[in-house]
Structure formats: structure tokens, C-alpha cells
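Me: I am new to this structure and should like to be guided through it by questions and answers. Please show it before we begin.

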Amino acid sequence: MPLANVSCTEHVIADPSLYEVAVGMDLSKDLKDPAAGLLKKMEEGNPKSIERFKERIPHYPKMEPMYHLFGIVAALVLAAAFALLAPYGYYASLGSLALGMLSMVSLWAFLSQIGSLCNALGMQVLQVEPGAGIYCASALILIGTAMNLASIVRPIIDEFKAKRKK
């Protein structure tokens with residue numbers, strides 16, 4: 001599922017997944033038309049503009065790998081593991097809750113940085129929008145958060161009811 005959709009006017013020119021962004025996209029292969037054709041024309045007709053790209057993307061057309069995204073995935077896996085342990089302890093629920101929320105915030109912050117990168121390249125015509133992947137991940141994280149909150153609050157309510165009966 002695409003993490004983000006990068007579009008120019010009405011056309012989606014890239015829809016990279018989290019894995020593609022993490023290992024470094026190859027713009028010459030991963031961009032769709034009309035951007036791929038325009039990029040080739042720029043390389044041939046205006047090498048100075050390509051030099052500007054190389055200031056921000058040193059290994060152009062290959063983007064720099066963003067291995068920290070694998071850290072976000074690892075945090076999500078740990079959050080899921082802690083969620084499995086939640087019935088056995090209060091701290092597992094808190095760990096799952098914290099890791100899940102931090103992962104979601106990190107994904108959305110990363111998405112905003114992609115938009116900043118496009119603007120820094122001097123291409124204000126590019127628009128970066130959330131993809132289906134980030135919406136699905138956020139929905140699952142929010143469901144997990146609700147379940148963790150329920151497992152944290154339930155023992156407190158049960159204890160309160162027991163005290164009330166006495």
C-alpha cells in the first residue's frame with residue numbers, strides 16, 4: 001500500500017510504499033509519466049537544474065535510504081507484541097499504547113517531511129498527499145490504542161466496583 005501519493009497537477013507521479021522509501025527510491029525507475037519524461041528532458045536539456053537536485057539528493061537519481069523507517073516498523077511490531085501480553089500485565093498495555101502512538105505520530109511527521117523535501121527542491125507544483133497505507137496503519141493503531149486503554153481501565157473499574165460492594 002502506498003505510504004504517500006506524490007502528484008503534479010492532476011497526475012499521480014509516484015506512490016511509494018514504506019519499504020520503497022526506506023531502501024531509497026530510484027527516481028529514474030519509480031516515477032510515472034509525465035514526470036519521468038520531463039525528468040529525462042531536464043537531464044538532457046538543462047543540466048543546471050539537475051545540479052540543484054544533486055544538492056539535496058547527492059546520489060541522484062537514487063534517493064538516500066531512510067533506514068529509520070524500519071525503526072518505526074520495529075516499534076509497531078513491538079507494540080503488537082506488547083498488546084499480546086496485555087492481559088498478563090498493566091505495563092505491557094502501557095508499552096503497547098506508547099509505542100503505537102509514537103509510531104503513528106512518527107509516520108505522519110515523516111509524511112510532512114516528504115512535502116518539505118519537494119518544496120526544498122524548488123518544485124512547488126508537486127503535491128504530497130497521504131496514501132492508503134498510512135491511513136490503514138493509523139486506523140489499526142487507533143484500534144489497538146482503544147483496546148489497550150480498555151485493558152488498562154477495566155481493572156481499575158473492577159477494583160472500584162469491588163470496593164463499592166464492600
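The questions and answers below go from the whole chain to single helices.

Me: What kind of model is this, and how are its residues numbered?
Reply: This is a predicted model, in which local features need pLDDT of at least 70, side-chain atom pairs count only at pLDDT 80 or more, and totals for chains, interfaces and linings use all residues. Side-chain values use heavy atoms, without hydrogens and water, and residues are numbered from 1 along each chain as its sequence is written.

Me: In what order do the helices and strands of the protein run from the N terminus?
Reply: Helices (H or I, at least four residues) and strands (E, at least two) are DSSP runs, numbered from the N terminus. The protein has seven helices and three strands. Their order is β-β-α-α-α-α-α-α-β-α.

Me: What radius of gyration does the protein have, set against that of a compact globule?
Reply: The radius is taken over C-alpha atoms, and the globule rule is 2.2 Å times the number of residues to the power 0.38. For 166 residues, a compact globule would come near 15 Å. The C-alpha atoms fill a box of roughly 85 × 30 × 20 Å along the principal axes. The radius of gyration of the protein is 22 Å.

Me: What share of the residues in the protein is buried?
Reply: Buried means under 20% relative accessible area, exposed over 50%, and partly exposed in between (1.4 Å probe, protein chains only). Of the 166 residues, the buried share is 33%.

Me: Which residues of helix α3 are buried, and where on the helix do they lie?
Reply: In α3 (residues 35-45), the buried residues are A35, A36 and L39. They fall within an arc of 100 degrees seen down the axis (by the directions from the helix axis to the C-beta atoms), so they line one face of the helix. K41, E44 and G45 are exposed on the other side of α3. The buried set, A35, A36 and L39, thus has its place on one face.

Me: Against which helix do the buried residues of α4 pack?
Reply: S49, I50 and F53 are the buried residues of α4. Their arc of only 100 degrees around the axis puts them on the same side of α4, while K48 and E55 are exposed on the other side. The buried residues of α4 pack against α3.

Me: Is S93 buried or exposed, and which residues does it contact?
Reply: S93 is found in helix α6 (residues 90-120). Its relative accessibility is 1%, so S93 counts as buried. Contact means heavy atoms within 4.5 Å. Leaving aside neighbours within four places in sequence, the contacts of S93 are A86, N148, S151 and I152.
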